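Q: I'd like to learn how to read a model like this one. Could you walk me through it, one feature at a time?

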Amino acid sequence: MSDAKLIQQALQNVHLNLTLLNTLDERLARLGRRREAASKKVDQAKAQLDQVLAEKNALTLAAREKENQMAAAEAAINRRKEQLSSAKTNKEFQSLKEQIALDQEKNNQLADETLEAIAAAEEFEEQVAAAKDEVAKAEKTAATFRASCDEEAKVIEEDTARVRVDLKEAVENLPGDFRALYDRAIEDHGRGGLVPVIDRGFCGHCRREIPPQFVVNLRKGEPYLCQSCGYLLFIPEDYYKQ
Ligand SMILES: [Zn+2]
């Protein structure tokens, strides 16, 4: 194999490892996003539970308030009943009796309301239980998910470490002048700084046409930076197959 072709092969190898690293990074980022989404579901379920608990507390307080009102009304009736025995006139007696009857009626209504309030608070217990179930379910799902994410992340990290070693080796195999240009292209443009020639004569990054003479030079093993975007170009393996 000619030196020129070996150089292109070395560049292709570097490019392959750079692409692999990008893919691995994307997978790791995607895992992170999915993990976050699972945690968010737990937070949402907890917020829902808090809301339901607050409503239940409000209903319980309302029921207690009604009970207190009823007790106070009951005490008032009892006081009036005591006053009955010490009524001095018939008129006073009648008036007290009427008042007691009126209070009694109010108290009956209050009793109904109290029972309703207690029932409402009790019925709400079901919603509290359902919200608690949702939290437990979301937490379980998130925990299972986290475990599988951790496992997958571990594999990705191991792969990444391996690819980094391969990349380092591939870069070390680049001839000196290519090495310097490569370092600069990566520094300026990140991992995408090395791109293949596509469609037999166009920059794989910006798609600008490469002057044919430079394609020839590239094939001879001379380095070339795209004059439009500054990315370092190489001739990919399949170029020769066409
Ligand atoms: Zn370009």
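A: Sure. Let's begin with burial: a residue is buried if 20 or more other C-beta atoms lie within 10 Å of its own, exposed if 12 or fewer, and partly exposed in between. One caution before we go on: this is a predicted model.

Q: What share of the 242 residues counts as buried here?

A: For the protein chain, 14% of the 242 residues count as buried.

Q: Which helices and strands should I look for, and in what pattern?

A: Look for 4 helices and 3 strands. Going along the sequence, you'll meet them as α-α-α-β-β-α-β. The chain has a radius of gyration of 41 Å, while the globule rule gives 18 Å for 242 residues, so the chain is more spread out than a compact globule. A box drawn along the principal axes to hold its C-alpha atoms would be roughly 130 × 35 × 30 Å.

Q: How do I read the way H1 and H2 pack?

A: Start with the angle, where anything over 145 degrees counts as roughly antiparallel. Helix H1 covers residues 3-85 and helix H2 covers residues 90-172; they pack at about 170°, and their axes are 5 Å apart. That angle is why H1 is called roughly antiparallel to H2. The crossing of H1 past H2 is left-handed. As for who takes part, the contact of H1 with H2 has 45 nonpolar, 22 charged and 14 polar residues.

Q: What about contacts across the whole chain: what percentage joins residues at least 24 apart?

A: Take the contacts between residues at least 6 apart in sequence: 72% of those join residues at least 24 apart.

Q: Now a single residue. Is Val155 buried or exposed?

A: Count the neighbours, and remember that 12 or fewer means exposed. Val155 has 11 other C-beta atoms within 10 Å, so Val155 is exposed. This residue sits in helix H2. From Val155 to Val165 is 10 residues along the chain, and their C-alpha atoms are 16 Å apart.

Q: And where does Ser228 sit?

A: Ser228 is in the loop that runs between helix H4 (212-220) and strand E3 (232-234). With 13 other C-beta atoms within 10 Å, Ser228 is partly exposed.

Q: Which residues does Ser228 touch, leaving out those up to four places away in sequence?

A: Ser228 touches Cys203, Cys206 and Arg208. You can also check the distance to His205: that residue is 23 residues from Ser228 in sequence, and the two are 9.7 Å apart from C-alpha to C-alpha.

Methods:
Residues numbered from 1 in each chain as written. Predicted model: local features only at pLDDT ≥ 70, side-chain atom pairs only at ≥ 80, totals over all residues. Axes fitted to C-alpha atoms, helices over the stretch in contact; angles between N-to-C directions. Helix = DSSP H or I, 4+ residues; strand = E, 2+ residues; numbered from the N terminus. Parallel < 35°, antiparallel > 145°, perpendicular 65-115°, else oblique. Left-handed = near helix turned anticlockwise from the far one by under 90°. Nonpolar A, V, L, I, M, F, W, Y, C, P; charged D, E, K, R; others polar. Rg over C-alpha atoms; globule rule 2.2 N^0.38 Å. Contact = placed C-beta atoms within 7 Å.
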